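Good morning, colleagues. I should like to use these few minutes to walk through one model, with attention to its charged pairs and to the parts that call for caution.

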Amino acid sequence: MGVCGILGSMSAPLNLVNLERVHKAHGTTVLLDDVSLGVAAGERIGVVGRNGGGKTTLLSVLTGTQEPDSGRVTRRGDLAMGVLDQTGTLPPGTTVRDVVLPPTMFAAEHEWAGDAAVRSVLTGLELDRLGLDAPVAPMSGGERRRVALAAQLIRPLDLLVLDEPTNHLDVEGVAWLAEYVRARAGGLVVVTHDRWFLDEVCTTTWEVADGSVHAYDGGYSAYTLARAERARISAVTEDRRLNLVRKELAWLRRGPPARTSKPKFRIEAAQALIADEPPARDTMALKGFAARRLGKTVYDVEDVDYAVKTEDGPRTLFADLTWHVGPGDRIGIVGVNGAGKTSLLRMLVGEVKPDAGSIVVGQTVSVGYLSQHVTELPPRARVLEAVQDVARVARIGNQDISASSLAERFGFAANRQWTPVGDLSGGERRRLQLLRLLMAEPNVLVLDEPTNDLDIDTLTAVEDLLDGFPGTVLVVSHDRYFVDRVCDKVVALLGDGSLAELPGGVEEYLRRRAAGGAPLTSAVGAEVRPVGAPGGGQAVSAADARAAKKEASRLERRMLKLDADERKLHDQLAAAAADYAKAAELDAQLKAVHAEKEQVENEWLAASELAEG
């Protein structure tokens with residue numbers, strides 16, 4: 001057990017932080033209403049909810065940045081806590097070394113240079129590329145955030161509180177951060193909209209909504225199941241919201257085992273909820289419709305060279321690049337920072353020209369391009385006016401949707417639709433930008449980091465709309481969940497001037513990078529597992545994978561039987577409430593069932609991961 005774990009087990013109270021009947025409001029908006037909760041030593045908590053719903057306020061109260069209007073917050077007396085907020089503010093006149101490796105912690109360079117954890121942070125957040133003596137003042141917001149995050153990660157903390165730590169990290173950086181914080185001994189509270197990160201890291205999920213905080217065991221997948229069950233049991237009338245949750249759950253359960261094996265949710269309950277749920281999208285029908293709208297050609301990139309100017313001279317991004325994008329293709333584009341992902345999109349939409357070669361655009365292509373900037377929004381117009389300026393009704397897939405209805409699906413309630421655009425938050429402006437794009441009814445969507453500043457409910461609504469989009473979709477994103485959910489295939493740039501398709505998706509990209517960043521033009525070599533994956537890099541044989549798949553099926557059937565036994569024992573306990581001897585006997589049987597379920601679930605997790613290979 002680590003030092004933090006020992007301290008946590010010896011402390012009284014057991015929780016690192018406790019909130020008791022906390023109330024907090026901003027103006028007339030109640031964000032936290034009679035909230036009681038605690039953070040235990042070693043617990044990893046993901047905080048989710050709509051933008052503006054109170055997530056950051058909850059973190060502020062938890063850390064002491066803000067005081068509650070009423071209620072009590074208690075913290076363990078010797079608590080060592082680190083906080084990363086969204087401002088990225090760093091002391092003026094300092095360098096990376098001053099912030100991350102201060103003399104108060106490391107008197108000499110050899111003290112940190114010999115620490116593998118410190119070196120991992122510096123390389124994982126690419127601070128070695130920035131340079132330890134680089135001043136922080138002229139850095140971009142993303143670079144300053146990485147410096148601030150590194151400063152917290154290298155400290156020996158009982159509790160780490162992070163607000164959107166995956167912003168400004170590429171897919172490889174997010175994977176590294178997940179592995180790093182999962183291996184830490186201390187507690188973690190993290191606000192994030194990155195659903196893969198939630199599943200990979202968190203043991204508990206807090207949903208902040210309507211002034212309350214609902215707690216769920218497990219990460220995003222378990223939270224999705226619990227939300228669907230809660231809505232079903234309480235007979236919630238929000239049919240559309242429930243349908244979206246069911247659709248999301250169905251996609252999770254039908255995906256690769258590795259995606260759904262982390263949370264231990266009840267298989268039977270999940271299967272019952274999604275029994276009649278069709279696949280998220282009919283790929284063949286969409287491709288056929290897209291071909292009729294677009295013809296045979298969307299983008300034909302032939303022998304393209306492209307370089308950008310740097311202080312050290314021209315840097316080649318693409319050399320002799322050839323790529324064909326067809327009607328109905330749904331492609332995710334990943335790559336290291338600076339490999340040229342945004343430049344590739346800008347070439348496709350005609351914002352920049354290649355130095356050599358050609359890009360042929362199909363005659364019927366009507367492109368909707370979502371850049372990373374929101375400057376094109378009309379600041380004086382109101383939200384609904386900004387949408388209706390594009391169109392009053394849009395046909396998306398096989399349905400006609402009014403501007404007001406689509407705005408509501410994107411989180412703009414009726415009263416919010418009359419807010420001036422200039423008064424919107426960054427996340428709301430991003431939502432409006434995407435909303436206007438869809439109202440224009442393009443047949444090709446080119447999306448550059450579309451998930452930035454969007455909350456999980458909005459992301460789910462966007463994915464639902466894209467499921468019925470009958471055209472071509474190209475996505476650059478660090479959000480691997482979104483890429484998996486929306487795209488049918490993945491291509492990657494590794495900075496060697498070429499682009500290649502990855503049949504194994506983001507996982508294959510990370511394996512290639514973990515193997516030393518081998519160029520993607522090389523053959524798919526030995527099965528090298530990403531950091532944190534089970535096994536020692538040995539490829540799983542086909543026979544072993546088949547045997548593991550059969551074993552996973554057997555264990556799943558056993559889990560269904562144990563669920564039935566558990567329900568039966570609960571009923572018997574309720575009937576025997578007055579018979580203490582009988583109740584004690586039934587309670588012992590119930591504990592035995594719970595113990596066996598835990599063992600079977602663990603065996604199922606291992607078999608499922610082995611079956612995936």
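Let me begin with a single side chain: is R513 buried, partly exposed or exposed? With a relative accessible area of 23%, R513 is partly exposed. Its partner is E172, and the closest N and O atoms of this salt bridge are 2.8 Å apart. The two residues come from distant parts of the chain, since R513 belongs to helix α21 (residues 505-514) and E172 to helix α8 (residues 171-183), with their positions 341 residues apart in sequence. E172 is likewise partly exposed, at 23% relative accessibility.

Before going further, I must state that this is a predicted model. The mean pLDDT of the protein chain is 80, and 81% of its residues reach 70 or more. Two stretches require reserve. Over residues 1-13, pLDDT stays under 50, and the model has 16 contacts there beyond four places in sequence. Over residues 257-265, pLDDT also stays under 50, with 33 such contacts. Where pLDDT is low, the predicted coordinates should not be read in detail.

Now to the chain as a whole. It has 613 residues, of which 51% count as buried. The secondary structure consists of 23 helices and 20 strands. Among contacts between residues at least 6 apart in sequence, 69% join residues at least 24 apart. The accessible surface is about 27600 Å², and carbon and sulfur atoms account for 51% of that area.

I return to the charged pairs. Side chains of opposite charge can pair when their charged atoms come close. How many salt bridges does a search of the whole structure find? The search finds 19, and I shall present two further examples.

One is the pair E463 and R195, whose closest N and O atoms are 2.5 Å apart. E463 lies in helix α19 (residues 456-467) and R195 in helix α9 (residues 195-201), so this salt bridge ties together parts of the chain 268 residues apart in sequence. Both E463 and R195 are buried. There is also a network, in which salt bridges with shared partners join R76, D78 and D158.

The other example joins D34 and R21, with a distance of 2.7 Å from N to O. Here D34 sits in strand β2 (residues 29-40) and R21 in strand β1 (residues 15-26), 13 residues apart. D34 is partly exposed, at a relative accessible area of 39%, while R21 counts as exposed, at 58%.

Thank you for your attention.

Key: Residues numbered from 1 in each chain as written. Heavy atoms only, no water. pLDDT = per-residue confidence, 0-100. Contact = heavy atoms within 4.5 Å. Helix = DSSP H or I, 4+ residues; strand = E, 2+ residues; numbered from the N terminus. Buried < 20%, exposed > 50% of the residue type's maximum accessible area, 1.4 Å probe, protein only. Areas by Shrake-Rupley, 256 points an atom, 1.4 Å probe, with all protein chains shown as cover. Salt bridge = Lys/Arg side-chain N within 4 Å of Asp/Glu carboxyl O.
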